[in-house]
Amino acid sequence: MGVLESIILGFQVSFQPINLLYCFMGALIGTLIGVLPGIGPVGAMAMLLPITFHAPPVSSIIMLAGIYYGAQYGGSTTSILVNIPGEASTVVTCLDGYQMARQGRAGPALGIAAFGSFIAGTLGVVGLMMFAFPLARAALKFGPPEYFSLMVLGLILLTYLAQKSLIKAIIMATLGLLLSYIGLDMVSGQVRFTLNITELLEGVGIIPIVMGLFGIAEILENIEVTITRSIFKTHVKGLFPTIKDWVNSIWAILRGTVLGFFLGILPGGGAVLASFTSYAVEKRLAKQPERFGKGAIEGVAGPESANNAASIGAFIPLMTLGIPSNVIMAMLFAGLLIHGLTPGPLLIKEHPDIFWGIVTSMYVGNVMLLILNLPLIGMWVQLLKIPFRVLFPMIILFCLVGVYSVNNSVLDIGLMIIFGVFGYIMRKCDYEPAPLVLAYVLGPMLEQAMRQSLKMSDGSFTIFLFRPISTVCLAICVFLLMMSILTNIRKRSLKVI
Amino acid sequence: MGQLNQIISICLIALSIIICWTSAKLGIGEFRNPGTGFMPFFTSSLLFFLSIGLLLKSFIKKVEGEDKKPLIVREKLQKPISLVIGLIGYTFLLNFFGYLVTTFLLIFLMFFIFDPILKNCWKYLIIGAVASNLSFLIFCKWLQVQLPIGVFRIGF
């Protein structure tokens with residue numbers, strides 16, 4: 001099937017009324033999640049995953065994907081109007097977006113964020129269409145050693161990008177791997193680490209882990225202090241940027257799109273890295289860099305475009321290699337598995353309707369988001385006024401019912417609470433939860449690839465070094481670890497001086 | 001924070017030793033034919049060495065006097081602890097009292113924890129009743145989620 005035929009097939013799937021409805025729900029919930037600080041897209045996806053059990057697979061994934069890119073749109077609203085990023089990827093939007101709002105230019109800031117996101121999202125979908133086919137074809141040639149090294153690279157990249165401590169990030173990744181070993185060993189059928197609890201034979205579910213680490217832990221952290229939000233009192237008008245704004249922003253949008261897309265593809269990369277890198281690039285390229293941080297429109301346009309392009313680019317490793325590149329993709333990975341679909345190179349071949357349906361739905365979703373975000377901006381601003389004391393009980397209630405409904409098991413609620421408390425304590429000591437979740441998802445595949453590789457090579461580890469793709473991946477891993485160690489040594493020596 | 005870091009490191013060291021031991025019992029196998037405990041053994045060994053490193057690092061920081069951040073601010077913990085106790089209670093009572101009753105109690109408790117004003121109690125009771133019934137209708141009737149009915153058999 002050619003690309004054009006595939007795209008037509010994709011639009012046929014995504015334009016089905018049920019899929020349009022799910023796409024709209026995803027975009028709406030995503031925007032809502034992005035607007036409301038306190039719970040991110042990972043927590044929201046975990047909460048809604050059980051609900052999608054009753055829906056067709058393609059509709060479910062369309063909705064979950066909509067939540068992801070919708071949250072990137074919505075997150076900018078709080079960054080610009082309240083100076084509180086709804087999402088980690090919109091932190092950098094606060095710098096210039098809020099300053100623009102203070103100068104009475106909230107409208108153009110919100111407008112350029114929405115248009116930039118739309119352009120980036122659209123171009124990102126085109127990029128996804130272009131790259132998915134050749135990469136999936138190449139992935140068919142991958143053997144267990146290549147998969148193993150690629151997964152190790154993904155984990156190392158994610159830990160390398162950890163904002164706090166590299167060692168702590170690796171510790172979280174090892175904990176994630178250990179969690180993934182709980183249950184039946186898929187090769188020998190032997191029971192591992194179940195503590196004689198029958199319900200753990202199938203392992204610990206991803207939903208209690210994610211809801212605990214991202215939902216409950218987040219709330220526990222937020223309720224420590226009473227948060228007061230003051231919405232900057234400005235009349236949001238003139239959402240359409242002027243010609244001057246467009247002239248200033250268009251290259252930032254295009255650069256952000258390309259940069260974000262490729263950073264999104266990288267295992268371990270994602271929207272957060274993309275937005276920060278785009279801001280740094282724009283500041284470096286600007287004729288007057290001193291304008292940045294004081295309301296430069298490029299400082300909003302670039303990062304907003306980058307985070308949306310990255311969220312689309314991140315689908316490439318998941319859909320073509322079957323490797324989730326970040327936590328959100330890990331959630332989508334789990335979603336696909338629950339519906340009996342294995343992400344990877346064969347997904348495009350065996351289920352073209354699902355693959356292209358999801359891809360084209362992103363385009364439809366981007367149009368929906370533009371409509372949702374611009375004319376309804378007033379409604380989203382009003383939502384910011386919902387007090388946390390009302391919001392948090394509702395989120396907790398949703399988590400409880402969501403986690404219970406998966407297996408009708410009280411044990412899952414208990415596990416969610418345990419992971420919530422664990423996540424809360426670990427956050428206090430700068431342990432980040434993302435590497436744990438990614439390692440947990442990659443764990444079974446990583447173990448299988450490792451064992452198969454060793455069997456293939458009769459116990460020789462050189463198999464990982466004599467295959468070009470594997471060697472390159474491992475070389476990058478070593479380089480990143482060395483870089484991190486050297487940076488730490490340099491920091492310490494500077495401190496001593 | 002340093003003290004909490006040390007406690008976490010010690011817990012992780014203990015955990016890694018237990019997993020190493022259990023993995024060895026499961027059978028590590030050999031490189032040409034890895035056993036069930038192969039990956040858990042090496043992963044927990046990595047965890048062991050990293051935790052030891054982190055523990056040593058926190059001791060060095062303590063000696064150098066770098067780590068002066070207070071361990072925990074007790075006043076800040078009141079609400080999180082109350083919420084966790086409430087959630088644990090919910091887990092134990094859910095099957096016995098059923099979804100509607102336990103959820104009503106939990107919502108009332110959460111509102112009280114987040115905004116502890118006695119004169120608002122009646123308001124929280126109403127919100128608890130409305131929210132639990134509404135969520136029951138959404139999840140049980142609309143989304144067909146099977147929720148426990150408990151000894152009172154409310155919510156068929």
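This is a short group-meeting talk on how some helices and single residues sit in a predicted model.

Okay, hi everyone. Keep in mind that what you see above is a predicted model. I'll start with helix pairs, then move on to a few single residues.

When two helices pack, we describe them by the angle between their axes and the distance between those axes. Let's try that on chain A.

First pair: α7, residues 144-160, and α20. At what angle do they pack? About 155°, with the axes 8 Å apart. Angles over 145 degrees count as roughly antiparallel, so α7(A) is roughly antiparallel to α20(A). The crossing of these two, α7(A) and α20(A), is left-handed. If you want to find the contact on screen, look on the α7(A) side for residues including P144(A), F148(A), M151(A), L155(A) and T159(A). On the α20(A) side, among them are P435(A), L438(A), L442(A), M445(A), Q452(A) and M456(A). And what sort of residues make up this contact of α7(A) with α20(A)? Seventeen nonpolar, four polar and no charged ones.

Second pair: α4, residues 57-81, with α16, residues 352-373, again in chain A. Here the axes come within 9 Å and cross at roughly 35°, and the crossing of α4(A) and α16(A) is right-handed. From α4(A) you get residues including I61(A), Y69(A), G70(A), Y73(A) and G74(A), and they meet a set in α16(A) that includes I354(A), G357(A), S361(A), G365(A) and N373(A). By class, the contact of α4(A) with α16(A) has 10 nonpolar, eight polar and no charged residues.

Third pair: α18, residues 388-407, and α19, residues 410-428, in chain A. Their axes come within 7 Å and cross at roughly 135°. That angle makes α18(A) oblique to α19(A), and the crossing of α18(A) and α19(A) is right-handed. On α18(A), the contact is made by C399(A), L400(A), V403(A), Y404(A) and N407(A); on α19(A), by V410(A), D412(A), I413(A) and M416(A). Sorted by class, the residues joining α18(A) and α19(A) are seven nonpolar, one polar and one charged.

Now for what lies between those two helices. N408(A) is in the loop between α18 and α19 of chain A. Most residues other than glycine have a negative phi. What about N408(A)? Its phi is near 50°, a positive value in a residue other than glycine. N408(A) is partly exposed, at a relative accessible area of 32%.

There's another one of these further along. D430(A), in the loop between α19 and α20 of chain A, has a positive phi of about 65° although it is not a glycine. Is D430(A) buried or partly exposed? Partly exposed, at 24% relative accessibility.

Next, cysteines. How many disulfides are there over all chains? Zero. Take C429(A): the nearest cysteine sulfur, that of C11(B), is 11 Å away, whereas a disulfide needs the sulfur atoms within 2.5 Å. C429(A) is buried, at 0% relative accessible area. C94(A) is buried as well, at 8%.

Last part: three residues to click on. Start with E447(A), which is found in helix α20, residues 434-456, of chain A. Is E447(A) buried or exposed? Buried, with a relative accessible area of 2%. Leaving out residues up to four places away in sequence, E447(A) touches Y181(A), D185(A) and R192(A), plus T36(B), M39(B) and P40(B).

Then there's A132(A), in helix α6, residues 106-139, of chain A. A132(A) is buried, at 0% relative accessible area. With residues up to four places away again not counted, A132(A) touches T320(A), I348(A) and F355(A). F355(A) is 223 residues from A132(A) along the chain, and their C-alpha atoms are separated by 9.9 Å.

Compare that with A314(A), in the loop between α12 and α13 of chain A. A314(A) and E282(A) are 32 residues apart along the chain, with 22 Å between their C-alpha atoms. A314(A) counts as buried, at 0% relative accessibility. Outside its neighbours within four places in sequence, A314(A) is in contact with Y68(A), G264(A), I265(A), S325(A), N326(A) and M329(A).

That's my tour, thanks for listening!

Technical notes. Residues are numbered from 1 along each chain as its sequence is written. Chains are lettered from A and ligands numbered from 1 in the order in which they are written. This is a predicted model: local features need pLDDT of at least 70, side-chain atom pairs count only at pLDDT 80 or more; totals for chains, interfaces and linings use all residues. Side-chain values use heavy atoms; hydrogens and water are left out. Axes are lines fitted to C-alpha atoms, for helices over the stretch in contact, and angles run from 0 to 180 degrees between N-to-C directions. Helices (H or I, at least four residues) and strands (E, at least two) are DSSP runs, numbered from the N terminus. Angles under 35 degrees count as roughly parallel, over 145 as roughly antiparallel, 65 to 115 as roughly perpendicular and the rest as oblique. A crossing is left-handed if the near helix is turned anticlockwise from the far one by less than a right angle, and right-handed if clockwise. Contact means heavy atoms within 4.5 Å. Ala, Val, Leu, Ile, Met, Phe, Trp, Tyr, Cys and Pro count as nonpolar, Asp, Glu, Lys and Arg as charged, and the others, Gly among them, as polar. Buried means under 20% relative accessible area, exposed over 50%, partly exposed in between (1.4 Å probe, protein chains only).
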